[in-house]
Amino acid sequence: MDSVITELTTCDCSLCVKRNAVMAKVPEQALSVLEGSELLTRYEWNTRRAKHYFCSRCGIYLFHRKRAAPDHFGVNAFCLDDFNPTSVPLRATEGANMSIEDPLANPAWPGPRDL
């Protein structure tokens, strides 16, 4: 997955701030859950477009389907084995007042992507 990670992001929405998330944006075809999918717990809030996945045993945030780009996942960079989070730039993003649509989002995911 390293080759598709060009930057990491933080987000100022209430959920990301509380969990101190540092995320890698990856296309959906680049993410595969190889084992343990039966242990995932999903959390949805607000518009319910984003789907946040946590380990049901330990509670660690693993990844989420992005609301602004639903054909991508935000992956917890600290859950990636053999990935050095300092190897790519870190960029702050605005999630608390998100109103920007991703111009590169897959048209197969219709509908507004703002509040």
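This is a short talk on the fold, cores, ring contacts and charged pairs of one protein chain.

The model is predicted, and every value I quote is computed from it. I will start with the overall layout.

The protein chain contains 1 helix and 7 strands. Going along the sequence, the order of elements is β-α-β-β-β-β-β-β. There are 115 residues in the protein chain, and 37% of them are buried. On contact order: if you take contacts between residues at least 6 apart in sequence, 54% of those join residues at least 24 apart.

Next, the nonpolar cores. In general, for soluble globular proteins, nonpolar side chains tend to be buried together. Here the largest nonpolar core has 14 residues, and the members that touch the most others are Ile5, Leu8, Val75 and Phe83. Two elements give two or more residues to this core, namely strand E2, residues 23-27, and strand E6, residues 72-76. Another core lies apart from that one and has 8 residues, including Cys13, Leu15, Cys16 and Ala21.

Now the aromatic side chains. The count is 3 aromatic pairs. The pair I want to look at is Tyr53 with Phe63. Why is it called stacked? The ring centres of Tyr53 and Phe63 are 4.9 Å apart and the planes make an angle of 25°, so the pair falls under the 30 degrees that counts as stacked. Tyr53 belongs to strand E4, residues 51-55, and Phe63 to strand E5, residues 61-65, with the two positions 10 residues apart in numbering; the pair links distant parts of the chain. Are these two residues buried or exposed? Tyr53 is buried, at a relative accessible area of 18%, and Phe63 is buried too, at 9%. The cut-off for buried is under 20%, so Tyr53 at 18% meets it. Phe73 joins Tyr53 and Phe63 in one aromatic cluster.

There is also a charge placed over a ring. Arg19 sits over the face of Tyr61, 3.6 Å from the ring centre.

On to the salt bridges. As background, side chains of opposite charge can pair when their charged atoms come close. The count in this model is 4 salt bridges.

Take Arg91 and Glu7 to begin with. Their closest N and O atoms are 2.7 Å apart. Arg91 is in strand E7, residues 90-93, while Glu7 is in the segment before strand E1, residues 8-11, so this salt bridge ties together parts 84 residues apart in sequence. Arg91 counts as partly exposed, with 41% relative accessibility, and Glu7 also counts as partly exposed, with 27%.

Then Arg65 and Glu28. Here the closest N and O atoms of the salt bridge are 3.0 Å apart. Arg65 is in strand E5 and Glu28 is in the loop between E2 and strand E3, residues 40-43, so the pair ties together parts 37 residues apart in sequence. Which class of accessibility does Arg65 fall into? At 15% relative accessibility, Arg65 counts as buried. Its partner Glu28, at 27%, counts as partly exposed.

Arg42 and Glu44 also meet in a salt bridge, with 2.7 Å from N to O. Arg42 counts as exposed, at 52% relative accessibility. Through salt bridges that share partners, Arg42, Glu44 and Lys51 are joined into one network.

A polar side chain that is buried comes next. Asp71 is placed in the loop between E5 and E6. Asp71 has a relative accessible area of 9%, so it is buried. What does the side chain of Asp71 contact? A polar contact of 3.2 Å joins it to the side chain of His72.

Last, the backbone. Most residues other than glycine have a negative phi. Two residues to look at here are Asn20 and Asp82. Asn20 is not a glycine, yet its phi is positive, at about 55°. Asn20 is in the loop between helix H1, residues 14-19, and E2, and at 61% relative accessibility it counts as exposed. Asp82 likewise is not a glycine and has a positive phi, about 60°. Asp82 is in the loop between E6 and E7, and it counts as exposed at 79% relative accessibility.

That is the end of the talk.

Terms used
Residues are numbered from 1 along each chain as its sequence is written. This is a predicted model: local features need pLDDT of at least 70, side-chain atom pairs count only at pLDDT 80 or more; totals for chains, interfaces and linings use all residues. Side-chain values use heavy atoms; hydrogens and water are left out. Rings of Phe, Tyr and Trp (its six-membered ring) pair if their centres lie within 6.5 Å; planes under 30 degrees apart count as stacked, over 60 as edge-to-face and the rest as tilted. Helices (H or I, at least four residues) and strands (E, at least two) are DSSP runs, numbered from the N terminus. Buried means under 20% relative accessible area, exposed over 50%, partly exposed in between (1.4 Å probe, protein chains only). A charge sits over a ring if NZ of Lys or CZ of Arg is within 6 Å of the ring centre and within 35 degrees of the ring normal. A nonpolar core is a set of buried Ala, Val, Leu, Ile, Met, Phe, Trp, Tyr and Cys residues joined through side-chain atoms within 4.5 Å. A salt bridge is a side-chain nitrogen of Lys or Arg within 4 Å of a carboxyl oxygen of Asp or Glu. A polar contact is a pair of N or O atoms within 3.5 Å; within protein, one must be able to donate a hydrogen and the other to accept it, and residues adjacent in sequence count only if both atoms are side-chain atoms. Contact means heavy atoms within 4.5 Å.
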